[in-house]
Amino acid sequence: MGRPISLARAAAGLAALACALTAAPAAAADDTSDAPWPQSATDIRSVHRGGHVTPSASDGEAVDGKTKASSPAFTHPVTLRGDKAVLEATATVRCDIKPGVYPVYLHSPMLEPGEVWGRLRVKPDGGTAPKACRDQQQAAPDSASGDDGGSKQILIIAGGAAGLAAAGAGGYLLAKRRRQRSVDAR
């Protein structure tokens, strides 16, 4: 039989798993890419219904707080804000929109009105409502009570992660005690 894995390594592995489990839902929730978008009027970003995109503009074409991005695919126009060189906002794609390509417009005092600034492709989702849209529909009745439902999910995940970490630490301590007993018995 091979050498058994040390309980310290097992505890470390369980702690890493707990951290991964707490980060996974947040990473999977959005379709947002980190790349600046759009880079041209023909730049197309793909996203599912209910997903998020982050339109960003340079200070040469946008004014902080006075520039908006809009699209028929967005739930509402968003105001771009940011540091000196880059302004951005997060837009949510409508849950009731059909798959297809939609224009995105930038409304800025520095640009001509009505020009297409970028494009957004709403991807088909197989006929079932994406999770973000289902969550939105379920959260609507809860929003009257002031709870968005997300905090419950975070608490459940954090509790599970804490339980895994505690189990790993407990296993480590038991193994350490067992090793100490075997050394004392010699």
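Start by selecting Thr-92 and His-52: their side chains are joined by a polar contact of 3.1 Å. Keep in mind as you click around that this is a predicted model. Thr-92 sits in strand β7, which covers residues 91-92. Is Thr-92 buried or exposed? With a relative accessible area of 18%, Thr-92 falls under the 20% cut-off, so it counts as buried.

Now step back to Thr-90, in the loop between β6 and β7. Show what surrounds Thr-90: leaving aside neighbours within four places in sequence, it is in contact with His-52, Val-53, Thr-54 and Val-78. Next, draw a distance from the C-alpha atom of Thr-90 to that of Leu-80; you should get 8.5 Å, for two residues that are 10 apart along the chain.

Leu-80 is a good way into the strands. Color β4 (residues 67-70) and β5, which pair in the antiparallel sense over 3 bridges. Which residue is the bridge partner of Thr-67 in β5? That would be Leu-80. On to β6 (residues 86-88): this strand also pairs with β5 in the antiparallel sense, over 2 bridges. Pick Arg-81 and you'll find it standing opposite Glu-88 in β6. Follow the chain from β5 to β6 and you trace a hairpin, with 3 residues between the two strands.

Time for the core. Select Val-53, Phe-74, Leu-80 and Leu-120, the residues with the most contacts inside the largest nonpolar core, which has 21 residues. Which elements give two or more residues to this core? They are β5 (78-82), β8 (100-107) and β9 (116-123). As a rule, nonpolar side chains in soluble globular proteins tend to be buried together.

Zoom in on Phe-74. Setting aside neighbours within four places in sequence, Phe-74 is in contact with Val-53, Pro-55, Ala-69, Ala-91, Thr-92, Arg-94, Val-104 and Leu-120. You've met Thr-92 already, as the partner of His-52 in that polar contact.

Arg-94, another contact of Phe-74, leads to the charged pairs. A search of the whole structure finds 2 salt bridges. One of them links Arg-94 to Asp-96, with the closest N and O atoms 2.8 Å apart. Arg-94 counts as partly exposed because its relative accessibility is 26%, while Asp-96, at 59%, counts as exposed.

Then select Arg-49 and Asp-125, whose side chains meet in a salt bridge of 2.7 Å, N to O. Arg-49 lies in the loop between β1 (44-48) and β2 (52-53), and Asp-125 in the loop between β9 and α2 (131-143), so the pair ties together parts that are 76 residues apart in sequence. Both Arg-49 and Asp-125 are buried.

Finally, zoom out and switch to a cartoon view. The protein has 3 helices and 9 strands, and reading along the sequence gives the pattern α-β-β-β-β-β-β-β-β-β-α-α. Of the 186 residues, 25% count as buried. Turn on the surface and you are looking at about 11,900 Å² of accessible area, 57% of it belonging to carbon and sulfur atoms. How much of the contact network links residues 24 or more positions apart? Such pairs account for 63% of the contacts with a separation of 6 or more.

Methods: Residues are numbered from 1 along each chain as its sequence is written. This is a predicted model: local features need pLDDT of at least 70, side-chain atom pairs count only at pLDDT 80 or more; totals for chains, interfaces and linings use all residues. Side-chain values use heavy atoms; hydrogens and water are left out. Helices (H or I, at least four residues) and strands (E, at least two) are DSSP runs, numbered from the N terminus. Buried means under 20% relative accessible area, exposed over 50%, partly exposed in between (1.4 Å probe, protein chains only). A polar contact is a pair of N or O atoms within 3.5 Å; within protein, one must be able to donate a hydrogen and the other to accept it, and residues adjacent in sequence count only if both atoms are side-chain atoms. A nonpolar core is a set of buried Ala, Val, Leu, Ile, Met, Phe, Trp, Tyr and Cys residues joined through side-chain atoms within 4.5 Å. Contact means heavy atoms within 4.5 Å. Accessible areas come from the Shrake-Rupley method with a 1.4 Å probe; for residues, only the protein chains shown count as cover. A salt bridge is a side-chain nitrogen of Lys or Arg within 4 Å of a carboxyl oxygen of Asp or Glu. Two strands pair if DSSP finds at least two bridges between them.
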